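Subject: Structure handover

Dear colleague,

Here is the structure I said I would pass on. My notes on what was found in it follow below.

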Amino acid sequence: MTKLSKKRKQFIFLSLAIPLLLLIAFVVFPAIDLFRMSFTNWDGFAKDSQFIGIENYISMFKNKDLWMSLKNNAVYFFIHLVMIAVELAFAVLLTSKLRAAKFYKTMVFMPYIINGVAISYAFSYFFSPINGAFDAILEMLHLEPLIRNWLSDSKIVNYVLSFVSVWRFSGYHVILFMAALQSLPQDVEEAARVDGASAWHLFKYVQIPGIMLMVDFVLFDNIRGALQVFDIPFVMTAGGPGYASSTFTLYTIKTAFTFSNFGLASTMAVAIMVMIVAIYLIQNKLIHGFVLRDRRK
C-alpha cells in the first residue's frame with residue numbers, strides 16, 4: 001500500500017511538473033522577455049538593443065492610429081455583447097423538444113470548426129463589389145439602393161467584419177450555453193412547471209441564475225476575443241482603407257513585422273495583456289461581488 005501510494009505521488013508530480021515546465025518555458029519566460037523588450041528600441045534584426053526607458057509607452061499613448069484600432073475593437077465587443085442574448089435564446093430553443101434539434105446543433109456549431117482564414121476568404125468573395133453574392137442577392141430582391149462597397153467603406157467596414165466574426169463564433173457560445181442549461185437539475189425545473197411557472201419565468205428565475213457562471217465565461221471570452229481579433233480583418237481588408245478596419249492586434253503585428261519596431265510592438269503586447277487582466281478582475285468583481293452574492297447567501 002505504501003509502494004502504491006509512493007507511485008501515485010510520483011505520477012501526480014510528473015503529471016504536474018511537465019505542464020508546469022512547458023508553461024514556464026513557453027509562457028512565463030516569453031512574457032518576461034516581452035516586458036524587457038518593451039523598454040528597448042530593438043528592430044528585430046540587430047544583435048543588440050538600446051534601453052530607452054518608457055519612450056515606447058509614451059509613443060503608444062500618443063499614437064492616434066492605435067487608438068482608432070482600439071476603437072474598432074470596441075465595435076466587435078458591442079456587437080458580440082448584443083448577440084449574447086440571441087445566442088442564449090438559441091441555446092434555450094435547442095435544448096427544448098425541437099424537431100431535428102441535432103441537425104440544428106450541427107449547423108450552428110459548424111462555422112466554429114472551419115478555419116478562420118478560409119472563412120475570411122469566402123466572405124471576401126461574398127462581399128466583393130465584382131460579382132459578389134451579397135450584391136447579387138440585393139439585386140434579386142430589388143434592393144439596389146442598399147448596395148455599398150462593403151469592405152472599402154470606412155463607415156460600415158467594421159460592422160461587416162463583425163458580422164463575419166459573429167457568424168463564426170456564435171455557434172461556439174450557443175454550445176456552451178446548451179451545456180450549461182443541460183447541467184441544471186431537472187427536478188428544480190419540473191417543480192417550477194408544477195407551480196405554474198411559464199417558459200419566460202422559468203428562463204428568468206431558474207435558468208439564467210443557474211448558468212450565470214457560464215454567462216460570466218462567455219462575456220470574458222467576448223472581451224478577450226474582441227481585443228485579440230486578427231485573422232478576419234487581416235485577410236479581408238488588411239486593416240484598410242487606411243486604418244479604418246485595423247485592430248489592436250493587427251496594428252501590433254504590423255508595427256513589428258512591417259515597420260520593424262519590435263520594441264514598440266512589445267509595448268503594445270504588454271498593454272493588451274494588462275487590459276485583459278484588468279478587465280477580467282473588474283468583471284470578476286462585478287459578477288461574483290454583486291450578481292452571484294445572493295446565490296452564495
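Does Phe262 count as buried or exposed, and at what relative accessibility? Phe262 counts as buried, at 19% relative accessibility; the cut-off for buried is under 20%. Please keep in mind throughout that this is a predicted model.

Aromatic rings

Phe262 has a ring partner in Phe257, and the two ring centres are 5.3 Å apart. Their planes stand at 75°, so this pair is edge-to-face; the cut-off for that class is over 60 degrees. The partner, Phe257, is exposed, with a relative accessible area of 62%.

Across the whole structure, a search finds 25 aromatic pairs. One of them joins Phe126 and Phe134, with 5.6 Å from centre to centre and 45° between the planes, which is a tilted arrangement. Phe126 counts as partly exposed at 25% relative accessibility, and Phe134 also counts as partly exposed, at 23%. Both residues belong to one aromatic cluster, in which Phe123, Phe127, Trp150, Phe163 and Trp167 also take part.

Helix 4 and helix 7

Trp167 turns up again in the packing of two helices, as one of the helix 7 residues that meet helix 4. Helix 4 covers residues 101-113 and helix 7 covers residues 157-182. Their axes come within 6 Å and cross at roughly 130°. Helix 4 and helix 7 are therefore oblique to each other, and helix 4 passes helix 7 in a left-handed crossing.

On the helix 4 side, the residues that meet helix 7 are Lys105, Val108, Phe109, Pro111 and Tyr112. Opposite them in helix 7 are Trp167, Arg168, Phe169, Gly171, Tyr172, Val174, Ile175, Met178 and Gln182. Sorted by class, the contact of helix 4 with helix 7 has 10 nonpolar, 2 polar and 2 charged residues.

Helix 8 and helix 9

Helix 8 (residues 186-194) packs with helix 9 (residues 199-210) at an angle of about 150°, and the axes are 11 Å apart. Helix 8 and helix 9 are therefore roughly antiparallel to each other; the cut-off for that is over 145 degrees. Helix 8 passes helix 9 in a right-handed crossing. Helix 8 contributes Val188, Glu189, Ala192 and Arg193 to the contact, while helix 9 contributes Leu202, Val206 and Gln207. By class, the contact of helix 8 with helix 9 has 4 nonpolar, 1 polar and 2 charged residues.

Two buried residues

Asn222 is placed in helix 10, residues 212-228. Asn222 counts as buried, at 4% relative accessibility. Which residues is Asn222 in contact with, leaving aside its neighbours within four places in sequence? They are Tyr76, Phe77, His80, Leu81 and Ile84.

Ser246, by contrast, has its place in a loop, between helix 11 (231-236) and helix 12 (248-257). Ser246 is buried, with a relative accessible area of 1%. Leaving aside its neighbours within four places in sequence, Ser246 is in contact with Ser69, Asn72, Gly239 and Tyr251.

Regards

Definitions and conventions. Residues are numbered from 1 along each chain as its sequence is written. This is a predicted model: local features need pLDDT of at least 70, side-chain atom pairs count only at pLDDT 80 or more; totals for chains, interfaces and linings use all residues. Side-chain values use heavy atoms; hydrogens and water are left out. Axes are lines fitted to C-alpha atoms, for helices over the stretch in contact, and angles run from 0 to 180 degrees between N-to-C directions. Helices (H or I, at least four residues) and strands (E, at least two) are DSSP runs, numbered from the N terminus. Angles under 35 degrees count as roughly parallel, over 145 as roughly antiparallel, 65 to 115 as roughly perpendicular and the rest as oblique. A crossing is left-handed if the near helix is turned anticlockwise from the far one by less than a right angle, and right-handed if clockwise. Contact means heavy atoms within 4.5 Å. Ala, Val, Leu, Ile, Met, Phe, Trp, Tyr, Cys and Pro count as nonpolar, Asp, Glu, Lys and Arg as charged, and the others, Gly among them, as polar. Buried means under 20% relative accessible area, exposed over 50%, partly exposed in between (1.4 Å probe, protein chains only). Rings of Phe, Tyr and Trp (its six-membered ring) pair if their centres lie within 6.5 Å; planes under 30 degrees apart count as stacked, over 60 as edge-to-face and the rest as tilted.
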